[in-house]
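Here's a quick look at the aromatic side chains in this one. Have the viewer open and follow along.

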Amino acid sequence: MKNFSNTYIFLYITALVVVIAVVLTLVSTGLKPRRDQNKQAEKCQQILRAAGHDIDRSKAVEAFSNLAEPLTEDGRQYRVICADGSKGTAIRLDGKGLWGPIWGYAVVSEDGQTLKGVSFDHKSETPGLGAKITEAAFLKAFEGKKLYDKDGNFVSVRVLKSGTASEIAEENRVDAISGATLTSKGVDEMMQSSLHSSPITNH
């Protein structure tokens, strides 16, 4: 059996690591355009979904070009035609769930008073619990909710536990997801902070 010196072994391992690193870099670089395309398609689909459109991701970018246009250079607000034919403003939402980031879009009516719809997504919320923020039943509860109370004060749309005593009117709230208290709280805080800072609603 041939014995190799420590120097030989060190150089061999170093060369192997370098080769693997180069291969991984080339693969990552080659896949970047496809990742960027998928990310853009996902974003377009999310915004259109919040506006009431049910469009497959493969067709989302093309549909988006006909139904939406940017309002800000940072890509956080878009003018969008909703499924009912009305116009609204799609606003980017960013927050934190139980296990990681949560995000999405809220489409607000032209007068800045009413939610037309929302779409949410997450990185690592618990399946069957926090991950329910992406399900149609939860998303639909936001449709038509008011962002201001009867006195004209901004309250957002609060996500509160069902049956909780609160001064928040029914038109300004939706029920939290049972068993997903912290994720629901994350959505609640995300809605408040992201919408309050928007010039569309902050008037």
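Which residues form one aromatic cluster? They are Phe 120, Phe 138 and Phe 142. Keep in mind that this is a predicted model.

Aromatic pairs come to a count of five here. One of them is Phe 64 with Tyr 78, an edge-to-face pair with 5.4 Å centre to centre and 75° between the planes. Phe 64 sits in helix H2 (residues 57–67) and Tyr 78 in strand S2 (residues 77–81), so this contact ties together parts that are 14 residues apart in sequence. Phe 64 counts as buried at 10% relative accessibility, and Tyr 78 does too at 8%.

Back to the cluster: the ring centres of Phe 120 and Phe 138 are 6.1 Å apart and their planes are at 45°, so that pair is tilted. Why tilted? Planes under 30 degrees apart would be stacked and those over 60 edge-to-face, so 45° falls into the remaining class. This pair also links distant parts of the chain, with Phe 120 in strand S5 (residues 115–122) and Phe 138 in helix H3 (residues 136–140), 18 residues apart.

What about burial? Under 20% relative accessible area is the cut-off for buried, and here is how the four rings of these two pairs come out:

| Residue | Relative accessible area | Class |
|---|---|---|
| Phe 64 | 10% | buried |
| Tyr 78 | 8% | buried |
| Phe 120 | 4% | buried |
| Phe 138 | 8% | buried |

Terms used
Residues are numbered from 1 along each chain as its sequence is written. This is a predicted model: local features need pLDDT of at least 70, side-chain atom pairs count only at pLDDT 80 or more; totals for chains, interfaces and linings use all residues. Side-chain values use heavy atoms; hydrogens and water are left out. Rings of Phe, Tyr and Trp (its six-membered ring) pair if their centres lie within 6.5 Å; planes under 30 degrees apart count as stacked, over 60 as edge-to-face and the rest as tilted. Helices (H or I, at least four residues) and strands (E, at least two) are DSSP runs, numbered from the N terminus. Buried means under 20% relative accessible area, exposed over 50%, partly exposed in between (1.4 Å probe, protein chains only).
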